Amino acid sequence: MTPSNQHDEKKPFPWHLVFFLGPGLLIYVVFSVYPLLDTLVLSLYNEQQGQSSFVGLQNFITLVTDDTWSQAFWNALGNNFKFFAIHMLVQNPIGLLLAVLLSAPKLRLSGTYRTLIFMPTMLSVVIIGFVWQLLLSPIWGISEDFLYNIGLGQYFDAWLGKEGSALITLAFISVWQFVGIPMMLIYATLLNIPDDIVDASVVDGANSFQTFWHIKLPLILPTIAMVSILTFVANFNAFELIYAVKGALAGPNFSTDLMGTFFYRTFFGFQLQQGSASMGAAVATLMFLIILVGVMLFLFFIQRRIQRFQF
Amino acid sequence: ANGLSIESWRSDDANIWSDVIIPAFNKSHPDTKVNFAPTPPTEYNSALQAKLKAGSAGDLITCRPFDTALDLYKDGHLAKLNDLEGLKQFSDVAKSAWVTDDGKDQFCMPVASVLHGFVYNKEIFEELNLSIPKTRDEFFSTLETIKTESRYIPLAMGTADQWEAATMGFQNIGPNYWKGEKGRKALLTGEEKLTDKAYVDTWKELAKWKPYLGRGFEAQKYSDSQNLFTLGRAAIYPAGSWDIQTFNNQADFEFGAFPPPVAKAGDTCYISDHTDMGIGINANSTNKEAAKVFLNWMASKEFATLYANAVPGFFPLSNHQIDIKDPVAQEFMSWRQQCESTIRNSYQILSRGTPNLENQLWNVSAQVINGTMTPEEAAKETQDGLEQWYKPQQ
Amino acid sequence: MKLLDRLMPSSGIRQVPKSVTIHAVLLAYTVIALFPIIVVVINAFKERRAIFRDPLGLPDSDSFTLVGFQQVLLRSDFGLYSWNSLVVTILAVGLVLLLGAMAAWALTEYKFKGNLLITFLFAMGIMIPIRLGTVSILSLMVSLDLVNTLTALVLVYIAQGLPLAVYILSEFVRTIPKELTEAARCDSVSEYKIFFCVILPLLKPAMATVAVFTMIPIWNDLWFPLILAPGEETRTITLGVQQFVGQYVTDWNSVLSALTLAIVPVLILYTIFSRQLIRGLTSGAVK
Amino acid sequence: MASVKLNNIKKRFGDVDVLHGIDLDIKDGEFVVLIGESGCGKSTLLRLLSGLEDITEGDLYIDEERVNGRSPAKRGIAMVFQSYALYPHMNVFKNMAFGLKISGKDKNFVNNKVMEAAKKLKIDHLLERLPRELSGGQRQRVAIGRAIVRDPKVFLFDEPLSNLDASLRVQTRVELGKLHQELKATVVYVTHDQVEAMTLGDKIVVMNKGRVEQVGAPLDLYHHPKTQFVAAFIGSPKMNFLTAKISQPDPDNTQLVLESGRAIHACVDTSSLNKGDLVQIGLRPEHITLDCEHNTVEGTVTLIEHLGELSYLYVDIGQEGEMVLKVDGDNQHKAGDKITFGIKSNRLYLFDHQGKALKRVNAHTSATITL
Amino acid sequence: MASVKLNNIKKRFGDVDVLHGIDLDIKDGEFVVLIGESGCGKSTLLRLLSGLEDITEGDLYIDEERVNGRSPAKRGIAMVFQSYALYPHMNVFKNMAFGLKISGKDKNFVNNKVMEAAKKLKIDHLLERLPRELSGGQRQRVAIGRAIVRDPKVFLFDEPLSNLDASLRVQTRVELGKLHQELKATVVYVTHDQVEAMTLGDKIVVMNKGRVEQVGAPLDLYHHPKTQFVAAFIGSPKMNFLTAKISQPDPDNTQLVLESGRAIHACVDTSSLNKGDLVQIGLRPEHITLDCEHNTVEGTVTLIEHLGELSYLYVDIGQEGEMVLKVDGDNQHKAGDKITFGIKSNRLYLFDHQGKALKRVNAHTSATITL
Ligand SMILES: Nc1ncnc2c1ncn2[C@@H]1O[C@H](COP(=O)(O)OP(=O)(O)OP(=O)(O)O)[C@@H](O)[C@H]1O
Ligand SMILES: Nc1ncnc2c1ncn2[C@@H]1O[C@H](COP(=O)(O)OP(=O)(O)OP(=O)(O)O)[C@@H](O)[C@H]1O
Ligand SMILES: [Mg+2]
Ligand SMILES: [Mg+2]
């Protein structure tokens with residue numbers, strides 16, 4: 001409104017904004033933003049025996065340069081990338097495949113499949129961790145018998161216990177649990193593709209595969225991109241499964257250590273090791289930065305090139 | 001407030017506390033309501049620390065031995081107990097796990113210790129006509145016999161949980177090599193190094209266990225080991241005395257125990273008799289007086305008897321003479337007379353810095369058994385770790 | 001060709017192999033998804049030795065036992081734990097939905113200073129796990145005297161769930177035709193009533209999506225119950241099961257029974273929401 | 001280009017019969033329009049022709065070959081959808097080239113084909129754009145272009161203009177007509193819009209509830225509707241209908257009486273009916289004269305709509321309801337005026353109780369406007 | 001009911017001027033139609049009237065009161081949206097009652113109001129249905145009903161019929177006209193469709209790029225367009241335009257020459273122009289005769305569209321492009337025929353290079369069709 005219109009009626013104070021935003025924002029700021037900031041600030045201090053002193057970036061320098069810390073840090077980071085890579089290469093393609101199959105036109109029982117396949121996603125890691133340890137346990141021998149029955153018996157090993165395979169095995173368990181999420185999201189996008197477009201490509205002579213490759217896939221790319229980001233963020237926050245199965249020491253020989261377990265050990269300590277709030281905060285800050293940089297890079301390089309399409 | 005709340009990692013004992021111990025206490029102190037609030041062992045330290053920082057922890061704190069508790073005291077979370085009446089019931093050795101380095105201040109009262117050794121399945125031993133091994137050679141030939149002459153797993157242990165390898169393996173058989181307290185103290189003063197023969201030999205013996213472990217032991221967890229044994233599928237189980245209780249519940253065969261075998265018959269034997277559990281008072285407790293009353297009661301013979309029999313395998317540290325009814329527990333207890341006791345060597349002071357010796361021991365012991373690390377490498381890695389921060393070893 | 005056509009008047013027959021393949025793959029994966037869960041459930045009803053002897057066998061008259069369930073129900077207060085979990089989950093999810101919808105509405109409908117900042121603030125919350133702030137949260141709860149109350153959990157879960165809820169619901173609010181609110185405004189409906197009478201009912205499918213995605217981590221959370229409300233009276237089912245498993249780790253009857261019992265309420269909650277979930281997803285929110 | 005023959009084609013979705021046996025002959029190069037109410041099965045029929053849907057019963061021949069089970073790609077058809085169904089992620093060029101590329105055509109060939117079609121449709125300057133950067137009319141042309149490049153034997157159009165605004169619709173309709181003259185392709189065209197049907201079709205197929213009601217040339221349907229349904233469907237504003245009773249059946253000069261008692265003469269052969277039978281009188285708004293003669297009816301004007309050169313009068317004639325009259329644009333009547341208008345006996349239609357048209361005698365069939 | 005007055009109303013979105021100063025007087029009870037091309041600012045103007053958007057500059061009076069900053073609720077207006085904007089989760093009754101309930105009206109009062117409006121609109125049997133269970137036309141009526149019950153001073157309609165199919169559109173249009181006669185409400189009505197504009201409006205406002213191009217009664221605009229824009233906008237098919245050069249300016253009988261060299265006479269005052277000035281000849285398709293007189297033009301028929309009682313001839317006249325002729329329905333011309341048609345000097349319009357109409361002399365203004 002221009003100043004010339006002096007006798008215009010005044011806009012009242014936007015009480016409705018306070019009403020709508022206030023409660024949510026208050027809770028969010030008090031119980032999430034503030035504690036997190038507090039943590040970030042803590043990473044600039046050194047806390048010993050209840051005394052804290054400002055040390056600037058020293059904690060971070062220790063973390064990435066000091067041998068004892070950096071080895072563990074880089075190891076966890078590297079493992080985390082492996083963990084993420086497996087999710088990207090296995091979880092999301094399987095999710096995609098399932099979504100594509102589920103969205104096949106006139107498929108009977110698709111709702112039932114959908115619900116059942118989503119089920120593991122609903123279960124807690126306490127259950128998941130326990131079940132898979134049992135299944136993979138050489139003592140119980142379910143997997144071994146199974147592999148034996150299909151003629152692959154000699155490939156069985158104590159996967160969860162071997163340095164070379166523990167992380168991969170855990171990643172697969174995690175994939176098994178969370179495959180429902182990419183599946184659901186991609187499935188929903190596929191359903192949103194108008195039938196007309198698919199019909200058009202059929203009339204144009206494309207077979208099912210060509211229709212998928214040339215038409216459907218480009219149209220669900222934005223969702224796949226979003227799923228990738230979600231996977232990235234979730235993987236770099238991952239903790240529960242490793243903790244439930246391998247404990248905070250993430251054995252054998254830290255081969256299953258992720259940023260999450262590393263943070264836990266650093267922050268809260270473990271067994272005889274004392275936790276260090278300030279070092280823990282430094283790890284948390286780095287985790288946050290890695291996630292942020294990852295997401296930014298993604299948004300900058302990938303998301304920009306992917307267009308969303310209105311149908 | 002009139003209530004007392006106890007922080008503990010002994011979630012296994014919850015029933016015993018609520019059904020036996022607390023009612024016994026309430027008989028003489030009917031006005032004090034006591035609540036036993038355990039957290040599972042794996043989360044105990046972190047959860048407790050967080051609660052203490054936030055001021056939400058219980059009035060009584062179960063203390064891990066040595067530095068974990070010491071740090072809590074230094075951070076002002078534990079109250080000083082120097083003038084606690086009940087402390088008189090304990091020897092200095094028992095109290096040593098919970099005093100300051102200068103020996104001046106006591107911050108937890110000892111409760112119980114645990115012993116290590118081997119538990120065996122008597123039925124299998126009978127079936128195979130085996131006798132209890134006294135020396136290492138006998139021990140390995142026993143294992144060999146079981147392996148070749150039966151389908152039983154000779155030794156029930158896994159490395160998935162890492163600590164099993166360190167605690168039931170390294171700390172179990174090690175004292176015989178480093179001569180108990182003598183070796184432990186020498187490490188503290190820097191006279192001995194972890195690369196010395198005694199330690200390397202300990203790992204060498206552990207490495208020799210590998211062929212006798214069950215298939216896929218790398219993924220075998222502590223509970224799996226327990227199950228293998230209680231289901232009668234394994235003959236020998238490297239044990240902590242606390243396992244007795246579980247085995248009593250679950251094994252439907254008779255089992256016995258023997259101490260870690262020595263090099264030659266007649267050698268002095270050393271056993272790990274670890275002061276595992278103490279109890280202290282939360283410095284911020286609003287109910288300190290009642291807490292003290294409770295502690296004093298815990299120093300009594302009544303408590304010691306109750307506890308030792310309710311939780312066979314946890315041996316009271318007080319000076320009272322008590323009767324233990326469980327035969328296997330009795331067996332364990334009897335080693336205190338035959339052998340020299342020592343505590344775990346990584347607990348006092350040596351796990352104070354980064355890297356953490358205890359955590360390292362878990363890791364390397366598991367790796368040595370897995371065969372992914374040689375005993376020498378294990379020794380070097382732990383020694384390097386120590387040297388990084390521990391002055392006497394530098 | 002002509003002959004063939006005549007032989008197969010409804011050419012649908014030729015498409016059968018394709019749909020058979022699809023069903024085969026889906027069925028196979030469904031088995032993979034359910035197998036572990038089924039293993040848990042069937043073994044929960046078997047004797048300890050039978051579990052080891054024949055882990056995949058169904059319980060028969062010999063091996064059938066309910067001792068595990070008896071143990072669980074006897075030795076831990078599953079009813080109370082479930083109740084706690086339900087209270088926390090329902091309250092937290094409900095409030096996340098309500099407050100999230102209100103915030104999403106305000107952020108998308110009104111232009112005001114700070115809009116961008118607040119939107120950004122919420123976006124950050126999707127990326128940073130709230131767990132990193134545990135210690136501050138705990139001391140906050142202590143100073144508010146909320147430790148060992150379900151309120152503490154509810155508050156933290158709201159803070160944890162809000163960012164994603166605001167994000168998803170904002171996308172949804174954008175798909176609601178502007179004319180609806182304008183029509184309401186012309187009808188002299190207040191902003192509050194517009195939200196509650198017009199917008200909120202239209203957000204229902206989206207809410208179901210958010211509900212499921214918010215509910216999963218809350219129901220299954222171990223961390224905050226452990227730190228903020230470990231007391232017997234406030235223990236949640238996940239924590240209860242975890243502690244039970246930790247405690248009776250060798251008693252597989254009990255462990256498997258506890259796990260089985262813990263699966264049930266999740267399934268019930270999920271079946272309530274699943275239909276809405278897919279409706280919400282397909283009405284274009286999370287694209 | 002090809003002929004298309006439908007032989008008793010039926011379609012059932014589950015339990016629902018949607019098409020009840022359609023017979024149709026479409027000649028090579030013919031432009032056939034399917035019209036009918038919403039849900040009568042037009043799109044379904046088109047989808048059967050395209051092969052997107054399976055035929056339940058009956059035979060479909062394209063170019064004399066039975067193609068019932070054949071896949072869409074192999075039928076030599078091209079389809080233009082109501083929503084255009086352009087691939088949103090491909091630019092115009094790629095949209096048009098997709099079908100050719102898929103079939104493995106040489107790159108040069110594809111380029112030439114697309115350029116040629118684009119020029120013909122005047123979209124050659126848009127080739128780089130994405131569909132969402134195009135206006136409705138342009139999208140429409142891209143959709144047609146995509147069909148053209150494939151040199152189909154038969155074009156299928158499903159309400160291709162219904163998403164355009166009125167003026168663009170007129171313009172595109174004209175272009176479509178010219179395109180057909182140029183390509184001489186066989187076209188099957190579905191529409192709701194009777195103006196499109198009348199102007200574009202060589203032949204119009206009026207469908208009603210899954211059946212063919214009448215097939216014929218546009219003017220044929222206008223002048224000689226076989227049923228009341230067709231009569232009502234063709235012509236705008238709609239034909240007026242009045243219920244009447246036959247007071248004197250006759251082979252060429254029937255006498256009727258309206259509900260209001262007024263007598264009307266009609267040059268229709270009602271010899272097959274009896275006295276007292278109820279019939280519907282059909283009367284196009286443009287065939288009513290305001291210069292009173294015999295056969296007059298009175299009424300009150302309720303609304304007058306001025307469209308410039310002509311106006312519509314809405315007249316309430318009492319018991320029989322309301323009638324629309326198309327009158328001269330400078331007509332000065334106002335709402336509320338009482339007027340009398342005449343019905344020419346040779347301009348009216350009679351439909352029996354089944355909706356069948358009765359034979360007209362001496363009918364005036366030229367389209368001269370008789371205002 | 002109320003008068004509405006717009007005084008130099010301007011609207012700016014950021015840097016973009018959308019309305020450049022609109023002056024408009026709307027009388028109590030008047031039905032004013034806003035037409036213009038897409039994007040010219042019709043909806044924006046309506047939204048300014050409703051108060052959903054703030055006025056950047058200028059004054060708005062409703063019932064003599066300045067209402068610039070007032071909230072929509074307090075202006076006494078009701079708006080009907082193109083998409084109807086029915087609350088999808090409320091049934092018809094609740095949709096209509098919502099506004100009244102919110103304002104705390106007595107339950108009986110609300111019921112009566114809604115029932116009354118529903119009866120008027122013939123939707124009283126639908127009150128229990130949800131919007132998605134209604135047809136387009138029914139939804140439309142509910143939307144209007146929702147507006148009616150509030151007894152607004154001014155009704156605002158934003159293209160209310162554009163989502164309906166052709167025949168329903170005609171029907172609803174008629175009903176809207178009658179409703180207005182009955183309610184005698186002040187209405188501002190936005191549409192694209194000139195038939196709607198012509199038939200419904202007491203007054204039509206033609207907008208062009210944020211400005212008012214011409215305001216007038218429907219027939220006024222048809223006969224006396226002030227600009228080429230208005231001339232092109234009103235009338236269907238569109239007026240034909242031919243570029244010509246003045247060979248002899250004259251106050252009442254101008255001589256023009258087409259690009260092809262052909263001479264044309266026009267009864268238009270061109271005394272303000274010079275010889276050689278370029279002008280646009282405007283010629284409505286319905287004002288071209290096929291009986292050759294003087295002022296003739298030759299061309300080739302490219303397409304003929306039969307609409308029943310009349311047909312459109314598309315004629316290529318060479319350099320000047322294409323013209324549309326509205327001819328008798330029984331015209332027998334075919335594509336390819338050469339024809340000659342005459343242009344009546346007193347039936348044509350001339351527009352100068354700015355698009356302003358030049359004054360016509362002896363112009364034939366009655367709407368008699370002269371086929
Ligand atoms: N896949 C299907 N399953 C069941 N019924 C269907 C299916 N497709 C169409 N129908 C039904 O078949 C009938 C004809 O549908 P169709 O789409 O052919 O109508 P239409 O004439 O094209 O109508 P419109 O003019 O509205 O496009 C409708 O009653 C519709 O409900
Ligand atoms: N909120 C806005 N911000 C910026 N520009 C706008 C906004 N709303 C409308 N415009 C612009 O104002 C101009 C007029 O828009 P308006 O919606 O009034 O057109 P219209 O005449 O109603 O068109 P249509 O017939 O397509 O509905 C358009 O160029 C449009 O892009
Ligand atoms: Mg259709
Ligand atoms: Mg508009």
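1. Start with the lining of the largest cavity, since two chains share it in this predicted model. Chain A brings β4 (273-274), while chain B brings α2 (41-54), β3 (60-63) and α3 (67-74), and each of these elements supplies at least two lining residues. The top contributor is α2(B), with 4 residues.

2. How many residues line that cavity, and which lie nearest its centre? The lining runs to 14 residues, and those nearest the centre are A:Gln274, B:Asn45, B:Leu48, B:Thr68 and B:Leu72. By class, the lining splits into 6 nonpolar, 7 polar and 1 charged. If you want to find the spot on screen, A:Gln274 and B:Asn45 are two of the central residues to pick.

3. On volume, the largest cavity comes to about 120 Å³. The count of cavities of 30 Å³ or more is 17.

4. Next, ligand 1, which sits with chain D. The residues around ligand 1 include a run from D:Glu37 through D:Ser38, D:Gly39, D:Cys40, D:Gly41, D:Lys42 and D:Ser43 to D:Thr44. The others around ligand 1 are D:Phe13, D:Val18, D:Glu159 and D:His192. Helix α1 (residues 42-50) of chain D gives the most to this shell, with 3 residues. Sorted by class, the shell has 3 nonpolar, 6 polar and 3 charged residues.

5. Which side chain has an N or O atom 2.5 Å from an oxygen atom of ligand 1? That one is D:Ser38. D:Glu159 also reaches ligand 1 through its side chain, with a polar atom 3.3 Å from a ligand oxygen. D:Cys40 uses its backbone instead, where a polar atom is 3.3 Å from an oxygen of ligand 1. Taken alone, ligand 1 exposes 640 Å², and the protein buries 58% of that.

6. Over in chain E, ligand 2 has its own set of residues. Around ligand 2 you find E:Phe13, E:Val18, E:Glu37, E:Ser38, E:Gly39, E:Cys40, E:Gly41, E:Lys42, E:Ser43, E:Thr44, E:Glu159 and E:His192. Helix α1 (residues 42-50) of chain E gives the most to the shell, with 3 residues. The class split for ligand 2 is 3 nonpolar, 6 polar and 3 charged.

7. What about polar contacts to ligand 2? A backbone N or O atom of E:Gly39 is 2.7 Å from an oxygen of ligand 2, and one of E:Cys40 is 3.3 Å from a ligand oxygen. From the side chains, a polar atom of E:His192 lies 3.1 Å from an oxygen of ligand 2. On its own, ligand 2 exposes 630 Å², of which the protein buries 57%.

8. Back to chain A for the annotations. An unreviewed UniProt entry lists residues 77-298 as "domain: ABC transmembrane type-1". In the model, that span is 73% helix and 2% strand, and its end C-alpha atoms lie 18 Å apart.

9. UniProt, again in an unreviewed entry, places "transmembrane region" at residues 12-37, 83-104, 116-135, 166-187, 219-239 and 279-302 of chain A. How do two of these look in the model? Residues 279-302 of chain A are 100% helix and 0% strand, with end C-alpha atoms 33 Å apart. Residues 219-239 of chain A come out at 86% helix and 0% strand, and the end C-alpha atoms there lie 33 Å apart.

Technical notes:
Residues numbered from 1 in each chain as written. Chains lettered and ligands numbered in written order. Predicted model: local features only at pLDDT ≥ 70, side-chain atom pairs only at ≥ 80, totals over all residues. Heavy atoms only, no water. Near = heavy atom within 4 Å. Polar contact = N/O pair within 3.5 Å; in protein donor to acceptor, adjacent residues only side chain to side chain. Areas by Shrake-Rupley, 256 points an atom, 1.4 Å probe, with all protein chains shown as cover. Nonpolar A, V, L, I, M, F, W, Y, C, P; charged D, E, K, R; others polar. 1 Å grid on protein atoms, 1.4 Å probe; cavity = no way out; pocket = protein on both sides within 12 Å on 5 of 7 lines; lining within 4 Å. Points joined across faces, edges and corners; volume = space filled by probe spheres on them. UniProt positions renumbered as here; feature names shortened; annotations may be inferred.
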